[in-house]
Amino acid sequence: QVQLIESGGGLVQAGGSLRLSCAASGRSFSSYHMGWFRQAPGKEREFLAAISWSADSTSYADSVKGRFTISRDNAKNTVYLQMNSLKPEDTAVYYCAANSRWRLVTTTTYDYWGQGTQVTVSS
């Protein structure tokens, strides 16, 4: 079992930056691939980025490529999403998730989900 808790969300002006953290509990964290998603009001949950358990592979959605960076620190049981050059359209609830199947990391078929953290970008 893996439990995930996101933090680091908040209100930021357009062009600013935030770093989201996802703290995981459970002895098998390092064996899971990790992903970040977001969901804006009235919209479907959107894949943003994923990182493999060993951090040797990453995947990014086109909408955030070059602006967002996913990383992980297995010693701290934590995955991060560094978000730069934020835009109002980035406003959403951001979720982290754990997946045992790399082939599914760009989908919403994950084994575990966090509760989400709100990110609001003002113009």
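N77 sits in the loop that links β7 (68-73) to β8 (78-83). In this predicted model, the phi angle of N77 is near 55°, which is positive even though the residue is not glycine. Most residues other than glycine have a negative phi, so a positive value is a good thing to look out for as you trace a backbone. N77 is partly exposed, because its relative accessible area is 24%, and a residue must be under 20% to count as buried.

Now take one step along the chain, to T78 in strand β8. Is T78 buried or exposed? T78 counts as buried because its relative accessibility is 9%, below the 20% limit. A polar atom of the T78 side chain lies 2.8 Å from the backbone oxygen of K76. Leaving aside residues up to four places away in sequence, T78 touches S21, C22, A23, F29, R72 and D73.

A second loop is worth a visit here. A55 is found between β5 (46-51) and β6 (58-60). Like the loop residue we began with, A55 is not a glycine and has a positive phi, near 65°. With a relative accessibility of 40%, A55 counts as partly exposed, since that class covers values between 20% and 50%.

From the loops, let us move to the interior. Which residues of the largest nonpolar core touch the most other members? They are L4, M34, W36, L81, M83 and Y94, out of 36 residues in that core. Several strands contribute to this core: β3 (18-25), β4 (33-39), β5, β7, β8, β9 (92-99) and β11 (117-122) each supply at least two residues.

The strand β11 makes a good last stop. One face of β11 is covered and holds T117, V119 and V121, while Q118, T120 and S122 make up the uncovered face. To find the neighbours of β11, look at how the strands pair. Strand β2 (residues 10-13) runs parallel to β11, and four bridges join the two. Within that pairing, V12 stands opposite V121, a residue of the covered face of β11. Strand β9 pairs with β11 as well, this time in the antiparallel sense and over three bridges. Here V93 has Q118 of β11 as its bridge partner, and Q118 belongs to the uncovered face. Following β11 therefore brings you back to the core, because β9 and β11 are both among the strands that each supply at least two of its residues.

How values were computed: Residues numbered from 1 in each chain as written. Predicted model: local features only at pLDDT ≥ 70, side-chain atom pairs only at ≥ 80, totals over all residues. Heavy atoms only, no water. Buried < 20%, exposed > 50% of the residue type's maximum accessible area, 1.4 Å probe, protein only. Core = buried A, V, L, I, M, F, W, Y, C linked by side-chain atoms within 4.5 Å. Pairing = 2+ DSSP bridges. Polar contact = N/O pair within 3.5 Å; in protein donor to acceptor, adjacent residues only side chain to side chain. Contact = heavy atoms within 4.5 Å.
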